[in-house]
Amino acid sequence: MTGIDKTTQPATHAARPCRPVSFRTRLAVTVGLLLLVMLLAVILVQNISLDWAFQHQVDTIATGSSRNTITTEPSTPPNGVPGTADSCNADSCDVTGTVPTTPSGQTGAEGVVLTVRDGVVQWMRYGSLAVFAAAALLAVLLVWRLSGKLTAHLDSISRQTARLDPDHPVGRISLDHPDAETASLAAALNAMLDRIEQSNDLQRSFIRNASHELRTPITTIGTGLEALMAQDRFPDDVKPAIRHAIEANRKSSELINSLLELSRIQTAHDTGTESTDPARIVRDALETHAEQARARHLRIDADKLAAYDGTVETNPRYLSLAVDNLIRNAIVHNTDHGAITCTIHADGQHVTIGIGNTTIPPTNPEATADLIQPFHRGDATRMANQPGHGLGLSITKACADAIGATLDISRPTPDTFQARIALIRHIGMPIG
């Protein structure tokens, strides 16, 4: 059982919210994308620069070639040697005075430059892509490794915090070789746990001291009123009020005793254990409250207890107190002519005591889990004039915590209430 009210679950499954992306993944992806943008920008700048440089070289070659072509009028040199001209500077010229060049010289030079440019640009592209892939992979792996330490510390903090009991935060968060940030977070959480534990101790101390101080005068008042009633010292018209005062005083005494019991369990519980028969404890509790059950005309189904024949290693006093409170709770909050069901189920790890009862459907089924809180009585408010102080399940929960068991309460149907105590079955114990 999970302790969640099954009657409140919708017929159709609601869409679950998307799981948030971890900081580690976001960091790795962000660094990878940033590196991608930077390298693409570098590749683009390199390609533009190289293209401009090679194009400038082509233009320079083309301009130089055009300047080397000079045309003059044909003339006969003074020395009468044909085929020479003054502008040729004693170089061999043709009859037109033009310096001979290969017809394809200009186009060949430009083509060579363009070919070289295309080869260099293509090589740089492929080389840049290869460097980018290697750098991106290295960056992601490095970020993943470095962020892994941070996330590991955060996961450790989450696990340790989830295991802490807010009513008894005895443990503290510890980390191996933490960073400055995680160490500061752990220190802040430990300081908060110190304050919570101190506040709980002060609250329990106040309840214990106040209960002790109230116990004596309440006992004195009750004893005095009962003695005077026994001596017939009150007129007949006053006796109903005196009986009401005696009953109210008795309830106050029960409340104080319950508070003292809860305080003792929470602050200085007994750690002794012995082999205990849980079926026997349930039968004893049923026998103790048999008269109250008959007064409500309740049907008790305890036949399944006979199917269990085994023991558990636990504290019998705390287990008896927990079961007694559950039986009493099942009687007080039952309906007339209702039913109480007691079961014991054993598996490889746990022995589970189950006590269920019929009840009036609550107006707020979602608040079932809150019934464990002290003085929380659900719909049975103090104005309803119903018995009980709202401490029965709180004492049961404290007893379960003291013996290392778990208490689970739920409503399988709107008109039923179910409580289960799961005891750890030690190795070697027989399974009933």
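Trainee: Against which elements do the buried residues of α4 pack?
Mentor: This is a predicted model, and in it the buried residues of α4 include Ile242, Ile246, Leu259, Leu260 and Ile265, along with polar ones such as Asn249 and Glu261. The elements that these buried residues pack against are α3 (180-230), α7 and α8.

Trainee: What distance does helix α4 reach from its first C-alpha to its last?
Mentor: Helix α4 covers residues 239-267, which comes to 29 residues. At 1.5 Å a residue the expected span is 42 Å, and the span found in the model is close to that, at 42 Å.

Trainee: Is serine 253 buried, partly exposed or exposed?
Mentor: Serine 253 lies in helix α4, and its C-alpha is 9.5 Å from that of threonine 216, although the two are 37 residues apart in sequence. Its relative accessible area is 24%, and since buried means under 20% and exposed means over 50%, serine 253 counts as partly exposed.

Trainee: Turning to the chain as a whole, what share of its residues count as buried?
Mentor: The chain holds 8 helices and 7 strands, and it exposes about 26900 Å², of which carbon and sulfur atoms supply 59%. Among the contacts with a separation of 6 or more, 72% come from residues 24 or more positions apart. Of the 432 residues, the share that counts as buried is 32%.

Trainee: In what order do the strands of the open sheet of 5 strands stand?
Mentor: The pairing in this sheet is mixed, and its edge strands, each pairing on one side only, are β2 (299-301) and β6 (406-410). Neighbouring strands are turned by 15 degrees against each other on average, direction ignored. Read across the sheet, the order is β2-β4-β5-β7-β6.

Trainee: Do β2 and β4 run parallel or antiparallel?
Mentor: Strands of a sheet pair through backbone hydrogen bonds, and either direction is possible. Here aspartate 301 has threonine 341 in β4 as its bridge partner. There are 3 bridges joining β2 to β4, and the two strands run parallel.

Trainee: Which residue in β5 stands opposite isoleucine 344?
Mentor: Strand β4 (residues 339-346) and strand β5 (residues 350-358) run antiparallel and are joined by 7 bridges, with a hairpin of 3 residues leading from β4 to β5. Within this pair, the residue opposite isoleucine 344 is isoleucine 353.

Trainee: About what angle does the direction of helix α7 make with that of β5?
Mentor: Helix α7 (residues 316-332) packs on the sheet and touches β4, β5 and β7 (416-424). Between the direction of this helix and that of β5, the angle is about 20 degrees.

Trainee: At about what angle to β6 does helix α8 run?
Mentor: Helix α8 covers residues 392-402 and lies across both β6 and β7. Of the 5 residues of β6, 4 are buried, so this strand is largely enclosed by the rest of the structure. The angle at which α8 runs to β6 is about 145 degrees.

Trainee: Which residue in β7 is the bridge partner of threonine 406?
Mentor: Strands β6 and β7 form a hairpin with 5 residues between them, and they run antiparallel, joined by 5 bridges. In β7, the partner of threonine 406 is alanine 422.

Trainee: To how many disulfides does the count come?
Mentor: Cysteine 342 counts as buried at 1% relative accessibility, and cysteine 399 counts as buried at 0%. A disulfide requires two cysteine sulfur atoms within 2.5 Å, and by this rule the number of disulfides is 0.

Trainee: Where does histidine 297, which has a positive phi, lie?
Mentor: Most residues other than glycine have a negative phi. Histidine 297 has a positive phi of about 60 degrees, and aspartate 232, in the loop between α3 and α4, has a positive phi of about 55 degrees. Histidine 297 is exposed, with a relative accessible area of 51%. Its place is in the loop between α6 (290-295) and β2.

How values were computed:
Residues numbered from 1 in each chain as written. Predicted model: local features only at pLDDT ≥ 70, side-chain atom pairs only at ≥ 80, totals over all residues. Heavy atoms only, no water. Buried < 20%, exposed > 50% of the residue type's maximum accessible area, 1.4 Å probe, protein only. Contact = heavy atoms within 4.5 Å. Areas by Shrake-Rupley, 256 points an atom, 1.4 Å probe, with all protein chains shown as cover. Pairing = 2+ DSSP bridges. Axes fitted to C-alpha atoms, helices over the stretch in contact; angles between N-to-C directions. Expected span 1.5 Å × (residues − 1).
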